[in-house]
There are 4 protein chains.
Amino acid sequence: MFVHDTQLRVRYAEVDQMGYVYYGNYAQYFEVARVEALRSLGASYRDLENAGILMPVSHYSIDYIRPAHYDDALTIRLEVPELPRSKIVFLYTTFRGDEILNKARTDLVFLSADSMRVRRAPPAITEHLAPFYTKGTSKN
Amino acid sequence: MFVHDTQLRVRYAEVDQMGYVYYGNYAQYFEVARVEALRSLGASYRDLENAGILMPVSHYSIDYIRPAHYDDALTIRLEVPELPRSKIVFLYTTFRGDEILNKARTDLVFLSADSMRVRRAPPAITEHLAPFYTKGTSKN
Amino acid sequence: MFVHDTQLRVRYAEVDQMGYVYYGNYAQYFEVARVEALRSLGASYRDLENAGILMPVSHYSIDYIRPAHYDDALTIRLEVPELPRSKIVFLYTTFRGDEILNKARTDLVFLSADSMRVRRAPPAITEHLAPFYTKGTSKN
Amino acid sequence: MFVHDTQLRVRYAEVDQMGYVYYGNYAQYFEVARVEALRSLGASYRDLENAGILMPVSHYSIDYIRPAHYDDALTIRLEVPELPRSKIVFLYTTFRGDEILNKARTDLVFLSADSMRVRRAPPAITEHLAPFYTKGTSKN
């Protein structure tokens, strides 16, 4: 299975008056984690968009366990549980050191920008991911 | 059951380069809907916080059906499916006219600011909500 | 001179852990004020963009006098000090009741979306604004 | 003079439907640059706040020259033009490679959190900055 870690530092703007990262701001962190995970695979979300492939989010859910605070150094662990077809699922765990702060999931759909219709995952993604899901091997 | 509608206009800052409201920004819309729903009941989230009651979000999920665009006039329909105890559940449906754009849910926990421990929903909320859940009556 | 007031309520997400509206968030409020001011004139920024006219901001400045807090009801007073040519200047004053919280200015340039070159202000804007600047009269 | 560079990658959420970084989002980038510049000096904004010193922004101005786009790698060059007393001035230049995208300035005031009154810059800042302003020497 493909797993990737992204490091992030909490910005002042992202914290609310409880002193917590605002509950809506994790969606941005997970987007950064997706982009960096794809980049680590050699796939660029920017290039995908320029090639006419959009990836809107169709589902997002998050369970908050502990709050993150201003200036915390966070690790977002991202997993892709299975090879994508017309949809790609990402699972996230947010860590501060060894502490788990939350767990989340996003489902993204592959769309052709010209027709705005669902399409299959492009080779730019599946070819890079496939080695992580070959039967009988363990790449990560 | 308690139901409340809030009107919102999509801001330019909230739309991404797909021309969609960024998937993370609905969390803010739902927060506005919660605050306005409480206000319509005579309960102010600001007063609750000043009285030492925090309401962090413990769960958030959303299913995106259609995107919202810049300058769209949206209606957030909020429902409280049951009388809260130590947790309050809000259900949301985002409309543009008659079209449903997404459906979401948040769970919020009642915390005492001094002890940071879970507590029961304060009377400021339950007393105003109770009439909507009396058996055999229909207030909304 | 054209003057327009927009009402806004501070969102929880917009406040930082000092309990102040984050200094970067006023830019969004002023954008809302611009859009509502144009709408009041019968000009829609959305229609302008669809007609191929972009209005990027070339300058922004703000002097903060007092902070705004969560749930504050704010009034953004917007003024257009002179009829625009290839640039439009907006001046803003943020009020909470009678208190002035800050004063700001944005300069926006008119661009043709196809050439990305500067162009004159479109009639959709100047025709609606002109009556406010006719010599010897006072429309506002 | 003290000069510090911070690297940033533009997030999808930060770009508007013109494909530009939204004009209001640079304020966040400059905040990150301030925090990282202080950290490089051995001063932590988080520690300052915990020690009861707030630093609200009293003035912010920015001139936009070229837009930044999604996924751009930016460098924020921060300068502190003079040793702070009760106010600290930061100057910023945003680069994408060799291109200058914008130039900005913020003035921050030192406040005592308990009295909310203006105070002198704390030694935690001035002691680290002083060596950069000693007459006849050049530290940077």
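**Notebook: how the copies sit together**

I began with chains D and A of this predicted model: a turn of 180 degrees and a shift of 0.0 Å along the axis lay chain D on chain A, with an RMSD of 0.0 Å. I therefore noted the two copies as related as by a two-fold rotation axis.

Next I asked which C-alpha of chain D is nearest the axis. I found that of D:Leu8, 5.6 Å from the axis.

Then I turned to the surface used. I see that 100% of the contact residues of chain D recur in chain A, and the same surface serves both copies.

**The D–A contact**

How many residues does the contact take from chain D and from chain A? I have nine residues from chain D and nine residues from chain A. On the side of chain D that touches chain A, I find that helix 1 (residues 26-40) of chain D gives the most, with three residues. I also sorted that side of chain D by residue class: four are nonpolar, four are charged and one is polar.

**Chains B and A**

I tried the superposition again with chain B. Chain B goes onto chain A by a turn of 180 degrees, with a shift of 0.0 Å along the axis and an RMSD of 0.0 Å. In chain B, I find B:Ser61 to have the C-alpha nearest the axis, 2.0 Å from it.

Why do I write that chains B and A meet through the same surface? Because 100% of the interface residues of chain B are also interface residues in chain A.

Technical notes:
Residues numbered from 1 in each chain as written. Chains lettered and ligands numbered in written order. Predicted model: local features only at pLDDT ≥ 70, side-chain atom pairs only at ≥ 80, totals over all residues. Contact = placed C-beta atoms within 7 Å. Helix = DSSP H or I, 4+ residues; strand = E, 2+ residues; numbered from the N terminus. Nonpolar A, V, L, I, M, F, W, Y, C, P; charged D, E, K, R; others polar. Least-squares fit on C-alpha atoms with pLDDT ≥ 70 in both.
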